[in-house]
Amino acid sequence: NRFWGTPIPVWKSDDPNYPRVDVYGSLDEIERDFGVRPDNLHRPFVDQLVRPNPDDPTGKSQMRRVPEVLDCWFESGAMPFAQVHYPFENKEWFDSHSPADFIVEYIGQTRGWFYTLMVLGTSLFDRPPFTNCICHGIVLDENAQKLSKKLRNYPDPMEMCDTYGSDALRWFLMSSAILRGGDLQIDRDGAGIKDVMRLVLNPVYNAYYFFTLYANSDEIEAQFRTDSKQLLDRYILAKTHRLVSDTRQQLDDYDIAGACATVSGFLDAMNNWYIRRSRARFWRETHDQDKRDAYDTLYSVLLTVAKVTAPLLPLLSEEIFRGLTAETSVHLEDYPSPELYPADDELVAVMDRVRDVCSVALSLRDTYKLRTRLPLQTLTIAGTDSQSLAGYSDLIRDEVNVKQVVLSTDVAQHGTFQLQVNARVVGKKLGQDMKAVMTASKTGDWKLLEHGQAQVGPAILEAGEYDMRLQSKDGLASQGLSTNDSVVVLDTRVTAELEQEGLARDLVRLVQQARKEAGLQIADQIHLWVSGPPEVHAAIDTHAQYIASQTLAATVNQGEGAPGAFSHESELGGGATRLALSRAE
């Protein structure tokens with residue numbers, strides 16, 4: 001009964017004594033009966049078409065259009081064929097373009113546009129009008145209110161684009177639950193968009209900047225290669241294979257948020273593992289094969305990342321692609337194929353487990369306030385398959401900064417497993433047994449069976465209906481892995497020797513910072529002077545060679561610097577430490 005909408009083409013007698021209903025299907029039929037061909041079929045114009053009821057012998061009753069209009073979404077539902085004037089024109093075009101590949105609208109259209117599309121499509125053509133549907137949720141403010149132009153309870157889009165870039169805003173929306181029908185809250189200052197800069201855009205660009213900085217310094221022109229035999233290279237290439245394979249499938253399935261999550265996971269592996277663990281390979285002075293492998297592998301990975309993220313980060317990926325290749329545009333390239341990269345699921349699984357171990361160990365360091373540069377004595381990994389990490393002990397030892405990695409199968413010595421019932425999943429299935437099952441899981445009245453099943457009190461649970469959680473023993477600096485099948489234990493005792501070595505590492509960091517402030521190039525050698533507390537000088541006496549090699553110091557001197565040397569002062573070893581450095585000729 002609204003004014004706007006498609007008027008229903010039904011004319012009805014206004015006298016119930018002479019009932020008659022006429023339904024019109026074309027302008028030709030209207031012109032035949034009313035003697036005029038209307039050029040506007042909307043209200044109020046169409047309602048001016050009135051004619052005598054031919055079934056009324058008195059000639060007094062009139063045929064008038066019924067007052068109702070079709071739902072406004074009826075026109076949108078007719079859009080696939082109506083936009084090309086089908087069936088009067090473009091029949092061949094419509095037959096080759098229907099059904100649509102995908103449609104997208106918010107969740108309220110399940111009873112509006114989506115519904116009308118489906119009704120008309122199946123009624124008229126006996127087929128669905130679309131093959132895929134992206135149904136997104138609603139954008140809300142920090143108080144869970146819908147965004148409103150009247151309230152202006154949202155960050156200014158242009159200000160967000162000017163501040164963070166449109167790629168950040170694009171990723172913020174596409175990576176969220178809103179593309180899976182959930183709602184998305186955004187505060188006025190756009191903090192979530194700022195987080196995208198920190199967690200996604202900056203890591204991508206930092207990896208690109210790292211590569212170009214050292215490649216240009218070494219005058220190396222890298223090539224696309226995926227045949228390196230070095231362990232870290234093999235790992236990141238296998239991860240790249242999985243990245244390409246997974247994102248292709250997710251984008252084919254219109255799972256855009258899933259593709260974003262896959263890219264984010266890969267960036268963590270590339271930046272926080274591969275590049276950091278490979279830095280020494282780029283810093284080598286000689287151009288040996290290992291250094292060449294590192295450059296070619298990182299170049300190949302970055303080039304692939306630019307192509308993979310082109311639909312997701314179109315501007316940043318363009319910048320990186322053109323910088324790496326000098327080609328016209330990444331958006332003119334084919335999407336990469338996983339066959340270009342060697343697959344190695346076993347290596348990926350083991351290395352990801354190594355990363356998990358290191359992440360847990362570093363978390364324990366943080367908990368016990370043990371700075372990363374301070375070496376510790378022992379890290380123990382206890383689990384049934386801990387021996388699978390035997391070939392990776394050096395990586396773990398270097399990453400976590402411990403002297404020794406111990407692998408053990410005795411989990412019970414360090415923690416116990418607890419079974420947790422997934423109540424949300426099994427609630428309906430268990431019914432009245434739910435309480436007994438929950439009690440059994442807490443009292444330890446359970447056992448694991450074959451094929452992923454578990455006997456918990458009176459019930460047998462299937463895989464996915466319960467989780468296993470590893471509970472660390474009290475008094476140990478320990479924590480379970482994310483897989484809940486192993487425990488990591490860190491020896492937190494610090495000896496005088498360990499403290500001294502940690503001070504030497506801290507000093508190296510200060511010197512590197514001073515080099516940067518002095519404007520030195522990464523390959524410049526220096527003369528170094530250090531003046532500070534006694535413990536700092538003791539660390540220099542013991543670790544002078546290490547300090548020199550890490551800072552490119554031709555000489556390491558204790559005392560005030562030479563005249564004209566660049567100076568830097570920081571807190572180290574419980575007191576002020578003064579550095580002075582100058583470029584070595």
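The following paragraphs describe the nonpolar cores, a surface patch, the cysteines and selected backbone features of a predicted model.

In soluble globular proteins, nonpolar side chains tend to be buried together. In the predicted model, the largest nonpolar core comprises 87 residues, and those with the most contacts inside this core are Phe211, Met270, Leu379 and Ile396. Helix H10, which spans residues 256-283, supplies the largest share of this core, namely 12 residues. The surroundings of Leu379 can be described in detail: once neighbours within four places in sequence are left aside, Leu379 is in contact with Val357, Ala361, Ile396, Val400, Val402, Gln404, Val405, Val406, Val488, Val489 and Leu490. Ile396 thus appears both in the list of residues with the most contacts inside the core and among the contacts of Leu379. A second core, separate from the largest one, consists of 20 residues, including Leu503, Leu507, Ala539 and Leu572.

Nonpolar side chains are also found at the surface, where Tyr205, Tyr209, Leu213 and Ile522 make a nonpolar patch of about 350 Å². Of these residues, Tyr209 belongs to helix H8, which runs over residues 191-218, and Tyr209 is classed as partly exposed because its relative accessibility is 47%. A contrasting case is provided by His537, which is located in helix H18 (residues 534-551) and counts as buried because its relative accessibility is 18%, a value under the 20% cut-off. With neighbours within four places in sequence set aside, the contacts of His537 are with Val530, Ser531, Gly532 and Gln558.

A disulfide is a covalent bond between the sulfur atoms of two cysteines. The search of the whole structure for such bonds returned zero disulfides, and two cysteines illustrate this result. For Cys133, the closest cysteine sulfur is that of Cys135, and because the two sulfurs are 5.4 Å apart, they are too far from each other for a bond. Cys133 has a relative accessible area of 36% and is therefore partly exposed. For Cys260, the closest cysteine sulfur belongs to Cys161 and lies 16 Å away, which is likewise too far for a bond. Cys260, with a relative accessible area of 1%, is therefore buried.

Several backbone features were also examined. Most residues other than glycine have a negative phi, and most peptide bonds are trans. Two cis peptide bonds are described here, and each of them leads into a proline: the bond from Arg43 to Pro44 is cis, with omega near 5°, and a cis bond with omega of about 5° joins Ser98 and Pro99. Pro44 is placed in the loop between helix H1 (27-34) and strand S3 (51-52), while Pro99 is placed in the loop that connects helix H4 (91-97) with strand S5 (103-106).

Positive phi values, near 65°, are found for Ala144 and for Ala326, neither of which is glycine. Ala144 lies in the loop between strand S7 (139-140) and helix H6 (157-164), where its relative accessibility of 47% makes this residue partly exposed. Ala326, in turn, is situated in the loop between helix H12 (314-325) and helix H13 (345-367), and Ala326 counts as exposed because its relative accessibility is 71%.

Notes: Residues numbered from 1 in each chain as written. Predicted model: local features only at pLDDT ≥ 70, side-chain atom pairs only at ≥ 80, totals over all residues. Heavy atoms only, no water. Patch = residues over 30% accessible without salt bridge, like charges linked within 9 Å, V, L, I, M, F, W, Y side chains within 5 Å. Areas by Shrake-Rupley, 256 points an atom, 1.4 Å probe, with all protein chains shown as cover. Salt bridge = Lys/Arg side-chain N within 4 Å of Asp/Glu carboxyl O. Helix = DSSP H or I, 4+ residues; strand = E, 2+ residues; numbered from the N terminus. Buried < 20%, exposed > 50% of the residue type's maximum accessible area, 1.4 Å probe, protein only. Contact = heavy atoms within 4.5 Å. Disulfide = S-S within 2.5 Å. Core = buried A, V, L, I, M, F, W, Y, C linked by side-chain atoms within 4.5 Å.
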